[in-house]
Amino acid sequence: MESGYKRKIRVLFVASGSARRAQAAAEVATASGWMEARASCVPPMMAADGPALQEPAWDWPDVVVALDEPARRQVPQLQPSTRVKCYEFPEPEDAAAWPATLAALRSRVLGMAAGLAMMQRAAQE
């Protein structure tokens with residue numbers, strides 16, 4: 001990716017109950033090359049790989065993406081320049097449902113990256 005912007009967009013993905021969805025979304029976003037991404041769980045709980053997650057750094061992101069309505073309700077008042085979006089991706093009820101959730105998350109995050117690429121092309125024209 002050749003970015004015409006000063007830096008990559010900073011995205012904080014937050015989910016309630018489990019950080020697994022937020023971690024997956026952040027991995028896809030980072031791999032896209034268009035975003036710096038972090039994951040968090042609200043309220044802070046145990047991460048999928050063990051250690052407790054910390055309270056989100058609310059002053060860091062340009063965009064906060066809540067992955068469910070309970071997480072969106074816990075997003076505090078942020079700087080006017082920080083956008084908040086809510087994309088409903090509920091925690092799968094069982095392991096068999098995880099691949100479909102992961103595929104939907106991946107598609108949505110790659111759509112965000114495609115939008116950034118389109119905005120850059122338009123800015124260069």
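**A conversation about Asp68 and its surroundings**

Reader: Is Asp68 buried or exposed in this model?
Author: The model is a predicted one. In it, Asp68 has a relative accessibility of 5%, and because buried means under 20%, Asp68 counts as buried.

Reader: Where is Asp68 found?
Author: Asp68 lies in the loop that runs between β3 (63–66) and α2 (69–73).

Reader: And what does the side chain of Asp68 make a polar contact with?
Author: The partner is the side chain of Arg21, at 2.8 Å.

Reader: Which residues does Asp68 touch, leaving aside those up to four places away in sequence?
Author: With those set aside, Asp68 touches Ala15, Ser16, Arg21, Cys86, Tyr87 and Glu88.

Reader: Cys86 is on that list. How many disulfides does the protein have?
Author: The count is 0 disulfides.

Reader: Then are Cys41 and Cys86 buried or exposed?
Author: Cys41 has a relative accessible area of 0%, so Cys41 is buried. Cys86 stands at 28% relative accessibility and therefore counts as partly exposed.

Reader: Let us turn to the overall fold. How many helices and strands are there?
Author: There are 3 helices and 4 strands. Along the sequence, they follow the pattern β-α-β-β-α-β-α.

Reader: What share of the residues is buried?
Author: Of the protein's 125 residues, 40% count as buried.

Reader: Which residues have the most contacts inside the largest nonpolar core?
Author: That core has 23 residues, and those with the most contacts inside it are Val11, Phe13, Met35, Val65, Leu67, Val109 and Met112. At least two residues of this core come from each of β1 (9–16), α1 (20–32), β3 and α3 (98–124). The element that gives the most is α3, with 7 residues.

Reader: Which residues does Phe13 touch, again leaving out those up to four places away in sequence?
Author: Phe13 touches several alanines, namely Ala22, Ala25, Ala26, Ala29, Ala37 and Ala39. Phe13 also touches Arg38, Ser40, Val65, Leu67, Val109 and Met112.

Reader: What lies apart from this core?
Author: Another core, of 9 residues, lies apart from it; Val14, Trp58, Val64 and Ala66 are among its members.

Reader: One change of topic: of the contacts between residues at least 6 apart in sequence, what share joins residues at least 24 apart?
Author: The share is 60%.

Reader: Finally, how much surface does the protein expose?
Author: The protein exposes about 7300 Å², and carbon and sulfur atoms supply 54% of that area.

Key. Residues are numbered from 1 along each chain as its sequence is written. This is a predicted model: local features need pLDDT of at least 70, side-chain atom pairs count only at pLDDT 80 or more; totals for chains, interfaces and linings use all residues. Side-chain values use heavy atoms; hydrogens and water are left out. Buried means under 20% relative accessible area, exposed over 50%, partly exposed in between (1.4 Å probe, protein chains only). A polar contact is a pair of N or O atoms within 3.5 Å; within protein, one must be able to donate a hydrogen and the other to accept it, and residues adjacent in sequence count only if both atoms are side-chain atoms. Contact means heavy atoms within 4.5 Å. A nonpolar core is a set of buried Ala, Val, Leu, Ile, Met, Phe, Trp, Tyr and Cys residues joined through side-chain atoms within 4.5 Å. A disulfide is a pair of cysteine sulfur atoms within 2.5 Å. Accessible areas come from the Shrake-Rupley method with a 1.4 Å probe; for residues, only the protein chains shown count as cover.
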